[in-house]
Amino acid sequence: MSEVLPALGQIAALVLLLVLTVPLLARHLATTYTGERHLAVERLAYRVLRVAPDADQHWRTYALSVLGFSLVGVLALYALGRLQQFLPLSLGFGALPADGAWNTAVSFVTNTNWQWYSGEAALGHLVQASGLTVQNFVSAGVGMSVAAAFARGLALADNGGRVGNFFTDLVRTVVRVLLPIALVAAVVLVLLGVVQNLSGDRVMDTLTGGTQVLTGGPVASQEAIKELGTNGGGFYNVNSAHPFENPSPLSNLLEMYLILLVPFAMVGAFGRIVGDKRQGWAVGAVMTVLLGAVVAATTWAEMAGPGSAPQLAGGAMEGKEVRFGEAASALFAAVTTGTSTGAVNAMHDSFTAAGGGTVMFAMMLGEIAPGGVGSGLYGMLVLAVVTVFLAGLMVGRTPEYLGKKISQREMGLVAAYVLTTPVLLLVGIAVAVSFDAGPAGVLNSGPHGFSEMLYAVTSAANNNGSAFGGLTSGTPFWNTLLGVLMLLGRFVPIVLVLALAGRFAAARRVPAGSGTLPTHRPLFVALLTGVALVLVGLTYVPVLLLGPVVESLS
Amino acid sequence: MTVTEPSPAAEPRTASSSGVLTPAQLAEALPGALRKLDPRELLATPVMLVVEVGAVATTVLSVLDPSVLGWFVTVWLWLTVLFGTLAESVAEGRGKAQAASLRALQTETSARRRTPSGEVEDVPSTSLHVGDVVLVAAGERIPGDGEVIEGVASVDESAVTGESAPVIRESGGDRSAVTGGTTVLSDEIAVRISSEPGQSFVDRMISLVEGSERQRTPNELALNVLLSALTVVFVVVCVTLWPVASYSGARQSVLVLLALLVCLIPTTIGALLSAIGIAGMDRLVRRNVLAMSGRAVEAAGDIDVLLLDKTGTITLGNRYATELLRTDGVTEEELAEAALLSSLADETPEGRSVVDLVDGLVDGPGTTGAGSGGRRHEVPRGTTLVEFSATTRMSGVDLPDREIRKGAASAVKEWVGHGDDLLDELVDQVSRSGGTPLVVAESRDGRGRLLGVIHLKDVVKPGITERFEEMRAIGIRTVMITGDNAVTAQAIAKEAGVDDFLAEATPEDKLALIRQEQEGGRLVAMCGDGTNDAPALAQADVGVAMNTGTVAAKEAGNMVDLDSDPTKLIDIVEIGKQLLITRGALTTFSVANDVAKYFAILPAMFVVAFPQLDVLNVMRLSSPESAIVSAVVFNALVIVALIPLALRGVTYRPSSAAALLRRNLLVYGVGGLLAPFVGIKLLDLVISLVPGL
């Protein structure tokens, strides 16, 4: 167990980095989403986009703006993919197939970054940079904007349902938050050894006398936003397991830090926007507890978990990079699935059954621990509304959250939100196993094969984007199915959340009294954690049972 | 303001005795329960509708392919639905008897209607309309709701209120409302009818106690949305499990999937939800409060501010002498004797209280205060009693050797002809403490002498301070409304322990205060009886009108208290809270139960295909079939077991939100996690004995 110390050490380092910087970014985010001032470059962007940055939108307009903007993104990416052979810097790659272009377009616009293709073997620099990298920024920006609108909805009162201006939110997110941090991060990544160039393939002579093709490219810049925006789409097929993307334990640590930075900072910003920082910390505490549990379970499963092969080999090293080892791989897996990022530094398919099941469960939680940038916050807040509803009843008051009454209409929106992902996921897996084309791409038989498919639909419906491996998903069937899951799994919840934000913004605020249930105390934190686990757990227990559980018990 | 004796602290916990379920009650409720199996009746509760659809499906399956398991599951699914409708039926049954006795009041009688021209004609009571004037003499039943416009009569209202003592109803003032169906005992009154046939107070009471026209309340609707969502999720879980299980080589029968579905959807709360609502209204009716809408009952649980009239609610109706204060050069005996003599002629409660106080001083401490009187004092021979008059503002006696007066300070000083610094100070002191000073003086041979001050005090009702403590604990602010000046009001407010007060309040002030609180987003409750209270009653979120009040007040409020006890507002708040807590507790219990059911059913479903899942059979249930049946049976029986709890409501003790949540989470959350493990295991021990399972 000599690995225990370094395992704890990297967690401590990660926590320390976050504790030092998250409050700073939280304050910056809060100003970004509530400030009056416009920067010169932002004014330019508003003129180009022809929007009035100070005109608050009704939630319906806000939602239509999100949908319209994203639709343009999908169409543009689809076109880039289909027309690649005519584009410069294509490195000689041809057009993507229709189903593949659809899948990729949806995947990047929905912040999922599921990749059915090998990045280095299918996409040229122009598509990577102008298509995917742009979406890495703006799809993250969309999620953060929606979360900001929701926080403002809770903070506002009696205003008829206006929640802010989407384009202002988006431009500010990109200009003030994502671009500067990504720039600094990219530079540091280059210093740590991540490649950054625009040259094509380089042919090397190997020691054994053969030749090897090394693909270079603008890796560091994409890597930075890939993690920062919880996107997860790698330049290379093996993602952050590739030495050009993630060369050392230090870069590994930095990447995990970048993944967790914004989701946690959004929570802090939420507390500031609603005028009670403790509310943010409470929500953050729930996320931390859940993430901690996932980290602990995955680390245990990979370092000491059951399984005859790993025990014989002295550790579950299959599918992991030697330079990271079990602990750093397990931690990365927990972080990437807890955040809807989907970047991987090891192959989850090769994890122990218990470890693979845990990261799957982390995604099934609905990406709330701490979830994607923006989506993690609003996902958790929706669960907080459910919790408040139950808890409010139990203290004998009609439930309210942050002074907003939860009535039938609000509950309808919340219920629809909570329903969406489980329905998509379960219907998705049912469809997958019901057609021959589904299991056709599966590598293994039995429960593990089932897990491979379950992981894919879970990843898509929750907009995670990480792949278990083992499943050949580049088929028309899987591309289409997963594309549909990603699209609905992203935008149905967004519209519901914005509707809820609008209702809250239109509602009057009820002042808190001593009969009001406090939502910043440990009791509420515990209850919210319990609701998240039970509500999600009850939904997915049967499918998890037939996949990872059966496998790990055998 | 109506004055009532303090009701013997209406205690929330006595209601629990009414929650017991007797076999007779069940038998009586059964026909109604069977009628409610009609799917159209179940549309309002999607959870139970799903169970019924499942029951129909398993019936068909069992007919086509009979098996012991099949029939067991089928029977228990039907019982699950039936137990749900039974709960509702039992809850309704509790109001039926009361409704029947109220119906008896509605038998058609003939009424004597006075036409505008002054003639009197006999018409059937059902043909009376708003604005008609009827004459009712002693021994006659009042034909409809209305307002006394002429005369005064004593009326027996026991049929409606349960209170056997007759009450006075007179034209003008705040006691003018009469209820149809009550009987005039003496004299004759003219009543202007204020309700159309079929919409009278008694009609509304009947529909309320029967629960027939029960409208579901906002919170109940919101909870129903959540329960429906959970139902949809579990339907999807079970439907998709079918192909998924087949793919995994563990094909499941539709029967087993239906059993799983019924166990997972929140049937416990789904079955009991409407019973909880009906029982909540019923609890109010049992306290003689009629809520005109369920919304008001729910709002009662949310009240932030409670407006209470001082007189009759916070203090006893009358002031009592509590202290005698001497001025210089007067002995205690002198003052006591003078006070006693001056009050002999005073038959007001205040005057009697002075006599009681002096008696107490003579008898020793411990017997002072209200109501201890009884000793007769002889009036000395040759005494002339001087009655109180508005011009002299004094009362007293003229004895052969001297005259004694007591009254307002200024009046008495004028009578004596001089002042006294110490006395002025005493008068001030009494005023500041919230009391009313009465100055006592005597006059011998035309020479006046000031003796001292009687401290008349508003006596705060016993136990009311503790009630306010409770209110504060649950976050409700109490505001005392009084016509007194600010100094007096402040002193009483402090003594009673209210949070705030509104002094020298006019009805307009009251209305303004309610509006102001509501603008801040707070919910306000108040009670009132006068016509001038009507606007405030209508504005308040919970307005409780006293039954003794005017028609206008009763129409403006959304609740009527038949006992006319303003303190009952506090009970109403607690019942409102209890209603919500019961819903929340049973929802939590219902969802928490699912964990154990999974542990029972899932290993049973898949253990054949995957023997390693036997590890998860933590209850060591005897066979897969028995495990499934045990879970289904537990699921049904738990509904029956919880009917009494749904009817009487969960125990509620006023405490902070966090403390309430902690307690209820522990009992219904953790309890809900653990209980089914025990229950299913016990059932399995029995069911495993059934051959074929």
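**Loops, confidence and one sheet in a two-chain prediction**

Trainee: Between which two helices is the loop that holds A:N463?
Mentor: Helices (DSSP runs of H or I, at least four residues) and strands (DSSP runs of E, at least two) are numbered from the N terminus. On that basis, A:N463 has its place in a loop of chain A, between α17 (446-461) and α18 (476-506).

Trainee: On what conventions does this description rest?
Mentor: Residues are numbered from 1 along each chain as its sequence is written, while chains are lettered from A and ligands numbered from 1 in the order in which they are written. This is a predicted model, in which local features need pLDDT of at least 70, side-chain atom pairs count only at pLDDT 80 or more, and totals for chains, interfaces and linings use all residues.

Trainee: Is A:N463 buried or exposed?
Mentor: Phi of A:N463 is near 55°, a positive value in a residue other than glycine. A residue is buried if 20 or more other C-beta atoms, placed from the backbone, lie within 10 Å of its own, exposed if 12 or fewer, and partly exposed in between. Because A:N463 has 31 C-beta neighbours inside 10 Å, this residue counts as buried.

Trainee: Is B:D445 buried or exposed?
Mentor: B:D445 also has a positive phi, near 50°, and is a residue other than glycine. Its place is in the loop between β16 (436-444) and β17 (447-460) of chain B. Since B:D445 has 6 C-beta neighbours inside 10 Å, the residue counts as exposed.

Trainee: What is omega for the peptide bond from A:A369 to A:P370?
Mentor: A:P370 is in the loop between α13 (353-364) and α14 (375-394) of chain A. The bond leading to A:P370 from A:A369 is cis, with omega near -5°.

Trainee: What average pLDDT does chain B have?
Mentor: pLDDT is the predictor's confidence in each residue, from 0 to 100. It stays under 50 over residues 1-19 of chain B and over residues 364-375 of chain B. In chain B, 93% of the residues score at least 70, and the average is 85.

Trainee: Which are the edge strands of the open sheet of seven strands in chain B?
Mentor: The order is β10-β22-β21-β20-β11-β18-β19, with mixed pairing; two strands pair if DSSP finds at least two bridges between them. Each edge strand pairs on one side only, and these are β10 (289-291) and β19 (500-502).

Trainee: Which residue stands opposite B:M526?
Mentor: Strands β20 (residues 524-528) and β21 (residues 542-546) of chain B pair in the parallel sense over four bridges. Opposite B:M526, in β21(B), stands B:G543.

Key. Two residues are in contact if their C-beta atoms, placed from the backbone, lie within 7 Å.
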